Each structure stands twice: as structure tokens, then as C-alpha cells.
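Please look through the model below and follow the explanation from its enclosed spaces to its sheets and then to a pair of its helices.

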Amino acid sequence: MGHRGQARSQRLEKIVRLRIWRNPAILTLPAIDAHLKTHLEQLGLAGATAVHRNLSVGALYEHALRRGEGELGSDGQFVVETGEHTGRSPKDKFFVREPGSENHIDWGETNKAIDAKTFDALLARVTAYLSEREIFALDTFVGADERYRLPVRVITQYAWHSLFAHNLFITPDVAPVDFAPEFTVIDAAEFVADPQRDGTRSGTFVFVNMARKIVLIGGTRYAGEIKKSVFTIMNYLMPLRHVMPMHCSANVGHDGNSAIFFGLSGTGKTTLSADSKRPLVGDDEHGWSADGVFNFEGGCYAKVIRLSQKAEPEIWAASHRFGAVLENVVVDESSRSLDLDSEAKTENTRAAYPVNFIPNIVPDLRAGHPTTIIMLTADAFGVLPPISKLTPEQAMYHFLSGYTAKVAGTEKGVTEPTATFSTCFGAPFMVHHPTVYAKLLGERIAKHEVTCWLVNTGWTGGGYGVGMRMAIGHTRAMVNAALDGTLAGTTFASEPFFGLSIPTAVADVPSNVLDPRNAWSDKAAYDAQAKKLATLFFENFKKFEAHASDGVRAIAIKP
């Protein structure tokens with residue numbers, strides 16, 4: 001950023017610190033109304049030394065700096081380190097088994113059970129811990145459609161966690177009078193559980209109690225646990241109201257036609273939906289009701305590792321301004337400039353910012369029924385086509401499969417590409433049985449005659465370490481052609497291992513890229529790798545066979 005960026009950062013930090021020193025009233029407590037007081041008493045938090053409620057972004061900066069929770073980047077971003085946990089801890093998430101929800105939850109490795117007594121005992125320990133400290137309370141909403149909107153109170157130990165929630169959820173400029181939360185998230189980041197005493201798996205815990213409508217988080221500074229726990233709640237509540245909750249991004253064309261992008265982390269949901277020609281609805285979590293699509297959130301949580309200002313200008317600009325929260329990004333100590341290419345702290349570097357930091361958004365974060373569905377995968381084996389058209393049955397098959405791939409070096413012990421199947425493109429957050437979500441999606445695809453595509457943003461010309469990552473320019477050209485209808489009139493060739501339909505030509509995309517086999521110099525090696533991946537798909541799908549329709553089962557043919 002140079003001397004100007006460094007000077008600006010230093011001025012910003014000096015201003016907020018001087019404001020605190022010269023005006024201690026900044027840190028005085030707002031009046032706690034009777035509703036909040038009663039709620040805190042019910043939770044066991046009435047004795048907290050300070051309760052900072054619904055603070056502005058600037059005030060949250062001031063508190064976070066005062067408490068040494070982070071530092072300013074050269075453009076005024078708030079930069080934090082999350083320590084040991086640089087991602088979610090899915091093995092530490094548990095649901096309280098209770099009569100009201102137990103018959104709806106798909107119990108198993110993802111949705112593990114604890115008893116109410118264990119939850120109550122840990123809640124008492126956490127609230128006693130927080131009662132000796134200052135806490136931050138934020139009254140916010142989840143769901144842009146007011147008919148399905150969920151009022152949530154987020155109570156945190158860190159000021160920057162409150163800032164994160166302020167950015168990610170739908171936070172009104174003026175908090176409503178008599179706010180009545182339907183769910184409460186309590187995040188005690190520095191409280192480490194004792195597994196033997198508290199019944200946890202480790203010192204980290206994410207406990208969800210549908211009866212008491214409380215999420216209890218501790219032992220981790222990673223703010224993504226707040227976001228994803230609320231998404232998990234919506235994934236439970238929405239199907240009960242016949243709304244399809246989706247781990248997807250969404251945008252709208254100038255013709256009013258919307259599109260949704262399903263995909264796991266790192267497959268390109270945020271990147272491909274942030275398009276200057278198509279207003280953004282949201283980048284990660286949505287509902288699909290009888291009236292159309294609506295964003296659950298009021299912000300974006302984008303991966304920024306190797307973020308390119310040229311290739312992703314909207315996300316770059318949103319991450320380089322006051323108000324954005326950056327997690328685990330390397331910062332130059334002198335200039336405060338960001339090194340977004342560095343993975344010294346983690347590959348999972350993140351930026352959290354309000355959706356209105358993106359210049360081209362749908363103001364009310366709602367859109368009509370999608371006409372196009374894009375299912376994204378990052379295939380590190382390099383065998384799936386860069387784009388292929390799906391039949392409705394194939395769409396259901398790939399939705400239930402939720403395939404992507406981990407690459408060597410991203411996790412300890414991973415030395416070659418590893419297939420990952422995360423049903424519904426978000427298995428860690430799906431509470432009901434996967435077929436509940438699949439049925440809702442299938443009904444909507446049929447009713448609204450949605451065109452579905454599978455897009456591989458992974459490797460071409462060979463697997464990881466041999467081939468190369470799909471060029472983002474080529475992927476954008478293919479996605480744009482799918483969205484504007486150009487591909488509808490082209491001819492398609494059949495792919496033998498997965499039965500996919502591959503377009504024979506796409507403007508601005510080399511023909512040898514479209515057919516993945518042609519991109520490999522060793523065709524026999526491609527055939528072997530494609531058969532291997534198709535077999536993994538087949539084996540993974542066995543757990544859905546009893547619930548799938550005949551048409552979907554017909555897709556799962558052993559190669």
C-alpha cells in the first residue's frame with residue numbers, strides 16, 4: 001500500500017484510541033431495558049460486569065482495540081488471529097436430544113447427541129464465567145424475507161465477534177424496541193471445557209439446544225462457528241415450513257432471471273456470483289420459498305487466500321475498507337499492508353463484510369424463482385468436464401452426492417487428491433435426513449423447469465500436481481453462456497463415465513478444454529482415473545438408494 005496506506009492506517013488507529021482516551025463516555029453502558037435484563041437473568045448473565053448492546057461498527061472497533069483483540073490493516077480493516085482454530089470444529093458440535101426435535105434430526109456422525117443435563121451444566125459454567133467479564137450483545141435477524149425471518153440475539157466475549165455478527169447477519173441501523181429473540185447464540189471464545197467434567201469431546205464445543213433455543217459455543221476464537229450454527233438452525237426450521245434452505249450463492253440477471261450456485265467451500269460460490277453484470281442476492285446461505293429465493297444473511301464471508309484484484313475486483317474492494325473483518329491474514333508490521341498470497345497462518349483466510357460493500361446487489365436480498373442452477377465442484381482428479389448439462393435426475397444425484405476433492409498438502413496426511421462427498425453441498429449443517437432437502441429441491445426444479453449444470457472449477461489436463469487449475473476466465477465464460485441461454489442451442493456430446501452432456505463449443509473457451517479427456521496427453525491414464533472417480537460416486541450413493549426415485553437410482557450405475 002506504500003507510505004500513504006501506512007499513514008492512513010496509523011491515523012485511523014490514532015483517532016479511535018484518542019477518542020477512547022478523551023471521551024470515556026464511549027465505553028459507558030447503554031441503558032438495559034427490562035426485556036434484555038429479564039433475558040440475561042434467564043440465561044444466568046445478570047451479573048456481567050458490563051453489557052455492551054447493539055454497538056455501532058466504530059464503537060466495536062474502539063472496544064476491540066482497547067482490549068487488544070486485533071489490529072488495523074492499511075485500509076482500515078480489522079485484522080484478527082483466531083489462534084489454534086482457523087476453521088470450524090465439526091466433531092465438537094452436538095445437539096441436545098429432546099422430545100420436540102429428536103424425531104426430525106438425522107442422528108449420526110454429523111448430528112451427534114448429548115443429554116439436556118450435560119447442556120444445562122455446561123451452560124451454567126459458561127454463564128458464571130461470562131458473568132465475571134464484560135460481554136457484547138447484538139440484536140439481529142436471519143432471513144431477508146420477513147415471513148421467515150428469525151430474530152437472534154448474539155452474546156459474545158469478544159467485541160470483534162460482535163462486529164463479525166453485525167456484518168454477517170441482517171442488523172438494522174436502529175434496533176427494534178422490545179426485541180424478542182427466538183434464538184440466542186452465546187459465544188465464550190476463551191472458555192475451555194473439561195471433557196471429563198463437561199461431557200465434551202475436547203475443550204471446544206458447539207452445543208445446539210432446540211428446546212431452550214440456545215447455541216452455546218466455546219473453546220474457539222473462529223467466528224465462523226457463529227455463522228454456521230445459525231445456518232444449522234435455519235436448516236432445521238425452514239423445511240418444517242416447506243422452505244428449501246440452501247448452501248449456495250445467488251444472483252439475478254438484467255432480465256430478472258435468478259440463478260443459484262451450489263458448492264462446498266473453495267469451489268467458487270462467492271467468486272462466480274460476484275458479477276458486475278448480475279446483481280448479487282447473497283454469497284452463501286439462502287431459502288427458496290413458494291415466492292422465490294431470499295438471503296439468510298446480510299453479509300459475505302469470503303475466502304481471500306490469493307485473492308486477485310484483477311480477477312475478483314468486487315471482493316477485493318469489499319475486503320479493503322473500514323468495517324471489514326479479516327481472519328488470519330498476514331499483515332506487514334510496518335506498512336500494515338496485507339499479504340493475501342500467504343498461507344503462513346492458514347489456507348482458510350477469510351473476510352467478513354456487509355453485503356452492501358458489494359456495489360451491485362439486490363437491495364432487499366430477494367429474487368424470483370431461479371431459472372438456472374449451477375452445481376460447483378473442484379475436481380482435483382481432473383476428470384469431470386468444466387461444464388456439463390444435467391437432467392433433473394442427474395441434478396438430484398449430484399445434489400445428494402455433493403462432490404468435491406481435497407488436494408495434497410491441505411491437510412496432514414493427504415498426499416494425493418481425496419474425494420469428499422458432502423451431501424446437499426453442506427452436510428455439516430444439514431439437520432434433517434438429506435432426502436428431505438433433496439425432495440424440496442426436486443419439487444422446485446420440476447415446477448419451475450429449472451435448467452441445471454455441473455461446473456468443475458478444479459483441474460484440467462491431469463490431476464493435482466500434473467494438470468493445471470481451470471482458468472477462471474474460461475469458467476466465467478462457460479457460466480455466463482449457461483446463464484444467458486447461449487448454451488441451450490448448442491450441440492452436446494455424451495461423456496461415457498458419468499453420462500454427462502458436454503457442449504461441443506463455448507465462446508472464448510478452447511475446444512480442447514471442454515472435453516476433459518482431450519485435455520489429457522495420456523488418454524489411458526484419464527480413463528483409469530475417471531473410472532476410479534465414478535466408482536467412488538457409485539459407492540457413496542449406496543446410502544441413498546433406499547430413498548431415491550427409480551430415475552435417480554438409474555444414474556448410479558457401477559462403471
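## Cavities, sheets and helices

In this predicted model, the count of cavities of 30 Å³ or more comes to three. Rolling a probe the size of a water molecule over the atoms shows where empty space is left. The largest cavity has a volume of about 70 Å³, and the residues that line this cavity are R88, S89, P90, K93, V206, E225, K228, S229, T232, P428 and F429. Helix α7, which covers residues 224–237, gives the largest share of that lining, namely four residues. Sorted by class, the lining of the largest cavity holds four nonpolar, three polar and four charged residues.

We can turn next to the sheets. One of them is an open sheet of eight strands with mixed pairing, and its strands follow the order β1-β6-β7-β8-β10-β9-β4-β5. At the edges stand β1 (50–53) and β5 (112–114), and each of these has a single partner strand, so one side of each is left without a neighbour in the sheet. From one strand to the next, the twist of this sheet averages 25°. Within the order given above, strand β7 (residues 150–156) and strand β8 (residues 183–188) pair in the parallel sense, with five bridges between them, and the reader can find T156 standing opposite D187 in β8. A helix also belongs to this picture: α2, made of residues 34–43, lies across β1, β7, β8 and β10 (214–218), and runs at about 65° to β7.

Another open sheet has five strands, again with mixed pairing, in the order β2-β3-β17-β20-β16. The edge strands here are β2 (71–72) and β16 (299–303), each of which pairs on one side only. Strand β3 (residues 78–80) and strand β17 (residues 325–327) are joined in the parallel sense over three bridges, and the bridge partner of F78 in β17 is V325. This sheet, too, has a helix lying over several of its strands, since helix α5 (residues 159–168) lies across β3, β16, β17 and β20 (350–354), where the helix runs at about 60° to β20.

Antiparallel pairing can be followed in a further group of strands. Strand β14 (residues 285–289) and strand β15 (residues 292–295) pair in the antiparallel sense over four bridges, and β14 and β15 form a hairpin with two residues between them. In β15, G292 is the bridge partner of S289. Strand β15 also pairs in the antiparallel sense with strand β21 (residues 366–367), over two bridges, and here F294 stands opposite R366 in β21.

Finally, consider how two helices meet. Helix α10 (residues 392–401) and helix α15 (residues 523–541) pack at an angle of about 80°, and their axes are 10 Å apart. Because angles of 65 to 115 degrees count as roughly perpendicular, α10 is roughly perpendicular to α15. On the side of α10 the contact is made by Y397, H398, L400 and S401, while α15 contributes F537, F538, N540 and F541. Taken by class, the residues of this contact between α10 and α15 divide into five nonpolar, three polar and no charged.

Key
Residues numbered from 1 in each chain as written. Predicted model: local features only at pLDDT ≥ 70, side-chain atom pairs only at ≥ 80, totals over all residues. Heavy atoms only, no water. Axes fitted to C-alpha atoms, helices over the stretch in contact; angles between N-to-C directions. Parallel < 35°, antiparallel > 145°, perpendicular 65-115°, else oblique. Contact = heavy atoms within 4.5 Å. Nonpolar A, V, L, I, M, F, W, Y, C, P; charged D, E, K, R; others polar. Pairing = 2+ DSSP bridges. 1 Å grid on protein atoms, 1.4 Å probe; cavity = no way out; pocket = protein on both sides within 12 Å on 5 of 7 lines; lining within 4 Å. Points joined across faces, edges and corners; volume = space filled by probe spheres on them.
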